[in-house]
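Work through the exercises below with the sequence and the model open. Each task is followed by a solution in steps.

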Amino acid sequence: MNNFLQILLTRHLNPLFATGAFVVPASVYFVLKKLFFKPYYIRRNKQKALEKEEKTSAQVQEAKAAAEKAQKLQHNVANRKRNKQLETGGLVIMKALYGNQKILNNLNSSSETSFESTSEVIDVTIPLNFLVNDSGQLKLHEGVKKSGIMGFCDPCPGEGKQLYVEYAYAGNQHKVWVGDYEELLIPQGTHRI
């Protein structure tokens, strides 16, 4: 059994009072939302985004420092392999850049091969020369993220990445762009400029 207790607030319903009872709380809510809550949440989200960006920037700097150390370790062997390939007319990596896909696509669309230093792209010429085998070939397997290769790092977390390689083989210049998880097998005649 449900028992209800009814309370009579007034015998006469005043339309002005009824309208005010609805309009005043709704108006207060919208004013508070517009003037206080929304700006607060916008500031808070901006602060969180700034903190995340600072944290990511610190991680990228650490990764770049580790990649530079690895490249210093690879430098002597890479130069030796490069000189050997130069003597035989084999595969020599002239320039290799890894990083933000949009920036490297701009490099692809312009006929220029010069590249201004940016924090979202790293030079990986030494690691790729290091990876050239004795028979004058370089193969990076499909499905392997290139930032995991020794001497590489992820210069732009959360962004699409690409590898750009300029190389010489048998006295000819070649260029190739490959995605982060795509296979790279060089030399190939289709890359010839």
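## Exercise 1: Lys64

Task: Leaving aside neighbours within four places in sequence, find the residues that Lys64 is in contact with.

Solution. The model is predicted. With the sequence neighbours within four places set aside, the contacts of Lys64 are Thr118, Ser119, Ile122, Cys153 and Pro155. Next, place the residue: Lys64 belongs to helix H1. Then classify Lys64 by accessibility. Buried means under 20% relative accessible area, and Lys64 has 15%, so this lysine counts as buried. Finally, take a distance to a residue further along the chain: the C-alpha atoms of Lys64 and Leu184 are separated by 23 Å, with their positions 120 residues apart in sequence.

## Exercise 2: Two other positions in helix H1

Task: Decide whether Gln59 is buried, partly exposed or exposed, and do likewise for Asn83.

Solution. Start with the element. Helix H1 covers residues 15-88 and contains Asn83; Gln59 is found in H1 too. The class called partly exposed lies between the 20% and 50% limits. Gln59 has a relative accessibility of 44% and therefore counts as partly exposed. Asn83 has a relative accessible area of 43%, so Asn83 is partly exposed.

Now take one distance for each. Gln59 and Pro157 are 98 residues apart along the chain, and their C-alpha atoms are separated by 9.4 Å. Asn83 and Lys72 are 11 residues apart along the chain, and their C-alpha atoms are separated by 17 Å.

## Exercise 3: Overall dimensions

Task: Set the radius of gyration of the protein chain against the value for a compact globule of 193 residues.

Solution. A compact globule of 193 residues would be near 16 Å, whereas the protein chain has 31 Å. For the outline, use the box along the principal axes: the C-alpha atoms fill roughly 105 × 45 × 30 Å. A pair of residues illustrates the extent. Phe4 is found in the segment before H1, and its C-alpha atom is 86 Å from that of Asn129, which is 125 residues away along the chain. Phe4 counts as exposed because its relative accessibility is 72%, and the limit for that class is over 50%.

For the chain as a whole, 28% of the 193 residues count as buried. The exposed surface is about 13,500 Å², of which carbon and sulfur atoms supply 55%.

## Exercise 4: Elements and the nonpolar cores

Task: List the order of elements from the N terminus on, then find which elements give two or more residues to the largest nonpolar core.

Solution. The protein chain has 3 helices and 6 strands, and their order is α-β-α-β-α-β-β-β-β. The largest nonpolar core has 21 residues; those touching the most other members are Ile93, Leu128, Leu138, Leu163, Val165, Leu184 and Ile186. Two or more residues of this core come from each of strands E1 (92-100), E3 (138-140), E4 (161-169), E5 (172-179) and E6 (184-186). Another core, of 5 residues, lies apart from the largest one and includes Leu97, Leu104, Leu107 and Tyr164.

Leu128 can be followed in detail. Beyond its neighbours within four places in sequence, Leu128 is in contact with Ile93, Ala96, Leu138, Leu140, Phe152, Leu163 and Val165. As background, nonpolar side chains in soluble globular proteins tend to be buried together.

For the chain as a whole, consider contacts between residues at least 6 apart in sequence: 65% of them join residues at least 24 apart.

## Exercise 5: Backbone details

Task: Find the geometry of the peptide bond from Ile186 to Pro187, and the sign of phi at Ala170.

Solution. The Ile186 to Pro187 bond is cis, with omega near 10 degrees. Pro187 is in the segment after E6. At Ala170, phi is near 55 degrees, which is positive although the residue is not glycine. Ala170 lies in the loop between E4 and E5. Its relative accessible area is 49%, so Ala170 is partly exposed.

Note on methods:
Residues are numbered from 1 along each chain as its sequence is written. This is a predicted model: local features need pLDDT of at least 70, side-chain atom pairs count only at pLDDT 80 or more; totals for chains, interfaces and linings use all residues. Side-chain values use heavy atoms; hydrogens and water are left out. Helices (H or I, at least four residues) and strands (E, at least two) are DSSP runs, numbered from the N terminus. The radius of gyration is taken over C-alpha atoms; the globule rule is 2.2 Å times the number of residues to the power 0.38. Buried means under 20% relative accessible area, exposed over 50%, partly exposed in between (1.4 Å probe, protein chains only). Contact means heavy atoms within 4.5 Å. Accessible areas come from the Shrake-Rupley method with a 1.4 Å probe; for residues, only the protein chains shown count as cover. A nonpolar core is a set of buried Ala, Val, Leu, Ile, Met, Phe, Trp, Tyr and Cys residues joined through side-chain atoms within 4.5 Å.
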